[in-house]
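Let's take a walk through a protein fold together. Have the sequence and the 3D view ready, and turn the view as you read.

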Amino acid sequence: LVIDRHASVRARYRSLLERAGYDVSVARNDEDEPAVTGGQSPDAVITDVPIGSSRETRVRTLRRIRAAQPQVRIAATLPTMSPRNLGEADFLEAETILTPELNAERAVESVRRLLRPIPVSYDVPAASAEYQAPEKPAR
């Protein structure tokens with residue numbers, strides 16, 4: 001799902017990702033999102049970072065999507081990598097950042113990395129029965 005107020009950005013990511021084999025839905029804003037997704041939870045959301053009251057609406061939209069699909073991955077589109085923009089992306093809990101400087105190949109690769117499966121658990125070897133904790137020195 002691509003949510004962005006700029007038609008050119010929506011068209012760019014739709015074109016790039018569809019050519020790479022992904023199913024892509026686009027929404028102009030948070031109000032369009034439910035109609036576009038038809039109630040289906042996306043695997044990933046590529047979103048701009050809105051300002052003003054739209055910012056809180058976007059946060060609510062992303063939280064609703066995450067509640068329905070906890071594994072959803074989020075990418076923020078930023079005009080520049082300024083500290084302020086990076087802070088806004090962090091506020092949206094974005095896991096990756098896409099900027100206009102990325103060429104088509106790098107943008108698609110960023111999305112591929114974003115969609116890689118998240119490890120659910122790690123195998124940690126059980127403690128050996130033979131292990132003895134070191135004794136604490138006497139005081």
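Start with V45, whose bridge partner in strand 4 is I74. The chain gets from strand 3 to strand 4 by way of helix 3, and this β-α-β crossover is right-handed. Keep in mind as you look that this is a predicted model.

The pair you just found belongs to a longer match: strand 3 and strand 4 are joined by five bridges and pair in the parallel sense. Another of the links is that of D48, which has T77 in strand 4 as its bridge partner. In general, strands of a sheet pair through backbone hydrogen bonds, and they can do so in a parallel or an antiparallel way.

Now stay with strand 4 for a moment. Are its residues buried or exposed? Five of the five are buried, so strand 4 is largely enclosed by the rest of the structure. Follow the directions of its residues, too: R73, A75 and T77 point one way, while I74 and A76 point the other way, and all are buried.

On to the next neighbour. Strand 4 also runs parallel to strand 5 (residues 96-98), and three bridges join the two. Here T77 turns up again, standing opposite L98 in strand 5. Together, strand 4, helix 4 and strand 5 make a right-handed β-α-β unit.

With these pieces in hand, step back to see the whole sheet. It is an open sheet of five strands in the order 2-1-3-4-5, with parallel pairing. Strand 2 (26-27) and strand 5 are the edge strands, since each of them pairs on one side only.

Next, go back to the helix in the first crossover. How far apart should the ends of helix 3 be? Helix 3 has 16 residues (residues 53-68), and at 1.5 Å a residue it should span 22 Å; the C-alpha atoms at its ends are 23 Å apart, which agrees.

Helix 3 has two faces worth comparing. Its buried residues are R58, V59, T61, L62, I65 and R66. Why do they lie on the same side of helix 3? They cover an arc of only 160° around the axis, and that puts them on one side. The face turned away from this buried side carries the exposed residues S53, R60, R63, A67 and A68. What do the buried residues of helix 3 pack against? Their partners are strand 1 (2-3), helix 2 (33-37), strand 3 (44-48), strand 4 (73-77) and helix 4 (83-91).

Let's finish with two acidic-looking letters in the sequence, D and E. D48 sits in strand 3, and with a relative accessible area of 4% D48 is buried. Its side chain makes a polar contact of 2.6 Å with the side chain of R5. Leaving aside neighbours within four places in sequence, D48 is in contact with I3, D4, R5, R58, T77 and L92. R58, you may recall, is one of the buried residues of helix 3.

E88 has its place in helix 4. At 17% relative accessibility, E88 counts as buried, because the cut-off for that word is under 20%. Setting aside neighbours within four places in sequence, E88 is in contact with V49 and R55.

Technical notes
Residues are numbered from 1 along each chain as its sequence is written. This is a predicted model: local features need pLDDT of at least 70, side-chain atom pairs count only at pLDDT 80 or more; totals for chains, interfaces and linings use all residues. Side-chain values use heavy atoms; hydrogens and water are left out. Helices (H or I, at least four residues) and strands (E, at least two) are DSSP runs, numbered from the N terminus. The expected span of a helix is 1.5 Å times one less than its number of residues. Buried means under 20% relative accessible area, exposed over 50%, partly exposed in between (1.4 Å probe, protein chains only). The arc is that of the directions from the helix axis to the C-beta atoms. Contact means heavy atoms within 4.5 Å. A polar contact is a pair of N or O atoms within 3.5 Å; within protein, one must be able to donate a hydrogen and the other to accept it, and residues adjacent in sequence count only if both atoms are side-chain atoms. Two strands pair if DSSP finds at least two bridges between them. A crossover is right-handed if, with the strands pointing away from the viewer, the path from the first strand over the helix to the second runs clockwise.
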